[in-house]
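Open your viewer and get ready to pick out side chains one pair at a time. We will go from stop to stop, with a selection to make at each.

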Amino acid sequence: MEPIIIFRYHDCRNVVKEHVSLLRRINPGMAIHGMFGGRSLKPELAYLFDSNYCLKLDGLLAWKNLDIAVLEWYRNLGRELNYTHAYVVEWDLIFLRAITAVMPVPAPGESLLTGLTDLADIADKWVWTAEGSRQPSIYWRALKRLVEERYSFTGPYQACRGPATVLSRRFFEAYDKLQLPPWCHDELRLPLIHAITGLAVGDTGLYPRSWFSAASSEREKYFNTDRLEVTPESLYAAASQGLVAFHPVYQHLDEARCDLHDPEGASP
């Protein structure tokens, strides 16, 4: 079995076509399976993918909880595919090198999450867990109570960043057997699911483990989850310095300026 890519998107703009084309160019031979979470799909986009699954989930729920979206994909399509693990690539996530060169190759049965960190180190600062934040931490507390009662799990807890998730086949098989409500957010749920099921999980290396450090502030310019756009010009400049992973990228790119070769010592 070989790894696959799940390309997650929710609209049909031409930039989506370009991003898929780039992904295929730098990952020859790797199957790319579309996972569409929007309201209306133009049939002509289906040719971009080895398969194209349209989620039945509510769009907001699918966007906020990657784990629930890929579980639906698995139950309706992925179960029949042969693969070791799935690289989940958001439509606005850009790699300039082969995906297996940008991130570590996971061990058998291992998943990789981005910016994987101990929740205790960030809980009082992070919007999803800090008391009084705009995102009610009540949902996280309720989810913790449920997994304690249902699965006897009491921690320790971890958190991750959403983009560039790599999920093992074992993750899908184990998660399929769980019963979890759609509470909270995938950046908490994904590490929790791995912990409950005892699955191996590592880090993609794309974001610092210390989320609120000077290093993370610098990384935020080119890789963030706050919708701070990485413009084409800033991407080209960073690519010339060896950076190869960017999020979010909303605009068209000139591939000739993206430095798509595989430079020695390039950093994510």
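How many salt bridges does the structure hold? There are 10 salt bridges in this structure. Keep in mind as you click around that this is a predicted model.

**Charged pairs**

Start by selecting glutamate 90 and arginine 8. These two form a salt bridge, and their closest N and O atoms are 3.0 Å apart. Glutamate 90 belongs to strand E4 (residues 85-90) and arginine 8 to strand E1 (residues 4-9), so this contact ties together parts that lie 82 residues apart in sequence. Switch on a surface and you will find glutamate 90 buried, as is arginine 8.

Next, select aspartate 67 and arginine 189. Their side chains meet in a salt bridge, with 2.9 Å from N to O. Here the pair links distant parts of the chain: aspartate 67 is in helix H3 (residues 66-76), arginine 189 is in helix H7 (residues 186-197), and the two are 122 residues apart. Are these partners buried or exposed? Aspartate 67 has 0% relative accessibility, so it counts as buried. Arginine 189 has a relative accessible area of 2%, so it is buried as well.

Now move to aspartate 176 and arginine 79. This is another salt bridge, with the closest N and O atoms 3.0 Å apart. Aspartate 176 sits in the loop between helix H6 (169-175) and H7, while arginine 79 sits in the loop between H3 and E4, so the bridge ties together parts 97 residues apart in sequence. Aspartate 176 counts as partly exposed because its relative accessibility is 21%, and the cut-off for buried is under 20%. Arginine 79, at 34% relative accessibility, also counts as partly exposed. Add Arg75 to your selection: Arg75, Arg79 and Asp176 are linked in a network of salt bridges.

**Aromatic rings**

Clear the selection and turn to the rings. The structure holds 15 aromatic pairs. For one of them, select tyrosine 222 and phenylalanine 246, which pair edge-to-face, 6.3 Å centre to centre with 85 degrees between the planes. Tyrosine 222 is in the loop between helix H8 (214-219) and helix H9 (232-240), and phenylalanine 246 is in strand E9 (residues 245-246), so the pair ties together parts 24 residues apart in sequence. Both tyrosine 222 and phenylalanine 246 are buried.

For a group of rings, select Trp73, Tyr74, Tyr83, Phe171, Phe172 and Tyr175, which form one aromatic cluster. Stay with phenylalanine 171 for a moment. Phenylalanine 171 is found in helix H6, and it counts as buried because its relative accessibility is 0%. Draw a distance from phenylalanine 171 to isoleucine 4: their C-alpha atoms are 14 Å apart in space, while the two residues are 167 apart in sequence.

Which ring has the charged end of arginine 169 sitting over it? It is the ring of tyrosine 83, with the charged end of arginine 169 at 4.7 Å from the ring centre. Then select arginine 161 and tryptophan 211, where the charged end of arginine 161 sits over the ring, 3.9 Å from its centre.

**Two packed helices**

Show helix H5 (residues 138-151) next to H7. They pack at an angle of about 10 degrees, with their axes 12 Å apart. That angle makes H5 roughly parallel to H7. The crossing of H5 and H7 is right-handed.

**Backbone details**

Finish on the backbone. Most residues other than glycine have a negative phi, and most peptide bonds are trans. Where might you look for something else? Select glycine 155 and proline 156: the peptide bond from one to the other is cis, with omega near 5 degrees. Proline 156 lies in the loop between H5 and strand E7 (158-168). Then go to histidine 247 and proline 248, also joined by a cis peptide bond, with omega about 0 degrees. Proline 248 is in the segment after E9.

For positive phi values, select cysteine 184, where phi is near 80 degrees. Cysteine 184 lies in the loop between H6 and H7 and counts as buried, at 4% relative accessibility. Your last selection is arginine 227, with phi near 60 degrees. Arginine 227 lies in the loop between H8 and H9 and counts as exposed, at 60% relative accessibility.

Notes. Residues numbered from 1 in each chain as written. Predicted model: local features only at pLDDT ≥ 70, side-chain atom pairs only at ≥ 80, totals over all residues. Heavy atoms only, no water. Salt bridge = Lys/Arg side-chain N within 4 Å of Asp/Glu carboxyl O. Helix = DSSP H or I, 4+ residues; strand = E, 2+ residues; numbered from the N terminus. Buried < 20%, exposed > 50% of the residue type's maximum accessible area, 1.4 Å probe, protein only. Phe/Tyr/Trp six-rings, centres within 6.5 Å; stacked < 30°, edge-to-face > 60°. Lys NZ or Arg CZ within 6 Å of the ring centre and 35° of its normal. Axes fitted to C-alpha atoms, helices over the stretch in contact; angles between N-to-C directions. Parallel < 35°, antiparallel > 145°, perpendicular 65-115°, else oblique. Left-handed = near helix turned anticlockwise from the far one by under 90°.
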